[in-house]
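Work through the exercises below with the model open. Try each task before reading its solution.

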Amino acid sequence: MEEPLIERMRAYGETIFAEMTRLAVETESVNLGQGFPDTDGPRSLLENASRHILEGVNQYPPGPGRPELRRAVSRYRSRHYGLDFDPDSEVYVTVGATAGIAASLLALVERGDEVIVFEPMYDSYAAMISLAGGVRRPVALRRDAESGRFTFDPAELRAAVTPRTRLVMVNTPHNPTGTVFTPAELEEIAAVCRENDLIAVTDEVYEFLTFDDRRHVPLASLPGMRERTLSISSVGKMFAVTAWKTGWVTGPEPLVRAVRTVNQFLTFSANGALQLAIADAIEGEGEWIEAQRLSLQGKRDRLAEGLGDAGFDVNVCEGTYFLMADIRPLGYRDGEDLARALPAAAGVAAVPAKVFYDHQDEGRHLLRFAFCKKDEVLDEAVARLRRWHRDAG
């Protein structure tokens with residue numbers, strides 16, 4: 001186990017998030033650091049969950065998940081992406097996507113195996129690879145000067161492969177950069193997997209939160225990838241109920257069986273009443289999902305304009321809840337220093353992006369702002385940042 005990594009994740013990840021929340025409370029700041037909505041999902045979803053609880057669905061559900069939810073997940077993957085999975089053997093319900101990621105990496109990574117990750121990365125990837133005894137091989141996502149979006153160098157991806165490489169971890173739409181990988185980018189990843197006989201684990205929790213007519217394309221839908229890909233998603237982002245912690249893993253039976261073998265000793269099963277409500281919502285709340293997507297697109301634009309007016313250089317966001325902003329035009333170089341100063345100076349909290357990197361210099365100049373908040377919350381944050389920028393200038 002890479003003890004220094006675990007210590008760094010604790011020091012720069014958990015502590016920074018907790019510190020930003022504490023500073024936001026102490027200074028009565030607008031907290032744009034935490035990535036969860038401040039509004040609830042569709043009313044029918046909430047009412048159905050309550051009804052199932054009151055009707056007595058309060059004991060362990062089947063370990064693989066309620067069959068109603070597994071069938072609903074199978075149908076939506078087929079409906080949206082043309083991917084057909086047997087709900088009995090190729091769909092598995094987990095306690096949120098994080099548990100699906102944990103079980104997948106623990107099941108598939110042996111000590112000394114190398115895992116390619118795109119950085120910046122969601123913090124659980126590095127921690128779980130370390131706990132499995134694996135070794136990370138980060139490939140940087142960098143801002144493209146012409147498009148303003150984050151992407152990777154295919155040559156760097158290929159150079160990261162060694163004889164010890166076992167797996168590629170892919171997150172699209174990508175937290176925190178907001179990149180939605182294009183079919184061409186996904187084909188580069190797929191080619192590396194096919195040529196080197198690698199497994200792919202994909203985190204697709206923001207699959208329905210893409211903007212400007214971009215479309216999420218699952219890596220598993222590319223030629224030769226269904227049989228080597230585990231795809232993970234969840235209800236939290238789909239229906240704005242992040243505390244429900246109900247997710248699912250889809251993929252070929254041997255890989256799903258490996259996840260199931262590990263997860264039965266981790267969390268075993270997710271809440272059965274919530275699973276039933278989610279199954280109904282997946283089938284019947286397509287219009288709500290689309291309305292949420294359009295609303296978030298407007299919130300992205302609202303915050304991006306305000307951050308630009310406050311002196312930040314805002315990167316292109318194609319999906320997710322987050323904007324990445326370059327602090328160098330403001331005369332700052334270290335996002336951690338500015339993140340600590342902003343609550344008292346401006347009354348707004350954000351997260352320093354370098355906590356999402358192994359190579360922290362890559363993200364030292366970036367802050368992550370969450371825009372999944374009410375319009376009036378975003379407007380207040382923008383007004384405060386504009387005042388701060390005006391007064392500082």
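Two exercises follow, on a helix pair and on pockets, all for a predicted model.

**Exercise 1. Classify the packing of helix 12 against helix 13, and describe their contact.**

Solution.
1. Locate the helices. Helix 12 spans residues 335-346, and helix 13 spans residues 375-392.
2. Take the geometry. Their axes lie 10 Å apart, at an angle of about 95°.
3. Apply the cut-off. Angles of 65 to 115 degrees count as roughly perpendicular, so helix 12 is roughly perpendicular to helix 13.
4. List the contact. Helix 12 brings Leu-338, Leu-342, Ala-345 and Ala-346. Helix 13 answers with Arg-384, Leu-385 and Trp-388.
5. Sort by class. The contact of helix 12 with helix 13 holds 6 nonpolar residues, 1 charged and no polar.

**Exercise 2. Describe the lining of the largest pocket and of the second largest pocket.**

Solution.
1. Start with the largest pocket. Its volume is about 570 Å³.
2. Find its centre. Of 28 lining residues, Gly-35, Thr-98, Tyr-122, Tyr-206 and Lys-237 lie nearest.
3. Assign elements. Helix 1 (3-27), helix 4 (96-108), helix 5 (123-131) and helix 8 (235-238) each give two or more residues to this lining.
4. Sort by class. The lining of the largest pocket has 12 polar, 11 nonpolar and 5 charged residues.
5. Turn to the second largest pocket, with about 330 Å³ of space. Its lining has 17 residues, and His-80, Glu-207, Phe-208, Ile-289 and Glu-290 are the closest to its centre.
6. Assign elements again. Helix 3 (67-81) and helix 11 (286-309) each supply two or more lining residues to the second largest pocket.
7. Sort by class. The lining of the second largest pocket has 7 charged, 6 nonpolar and 4 polar residues.

Note on methods
Residues numbered from 1 in each chain as written. Predicted model: local features only at pLDDT ≥ 70, side-chain atom pairs only at ≥ 80, totals over all residues. Heavy atoms only, no water. Axes fitted to C-alpha atoms, helices over the stretch in contact; angles between N-to-C directions. Helix = DSSP H or I, 4+ residues; strand = E, 2+ residues; numbered from the N terminus. Parallel < 35°, antiparallel > 145°, perpendicular 65-115°, else oblique. Contact = heavy atoms within 4.5 Å. Nonpolar A, V, L, I, M, F, W, Y, C, P; charged D, E, K, R; others polar. 1 Å grid on protein atoms, 1.4 Å probe; cavity = no way out; pocket = protein on both sides within 12 Å on 5 of 7 lines; lining within 4 Å. Points joined across faces, edges and corners; volume = space filled by probe spheres on them.
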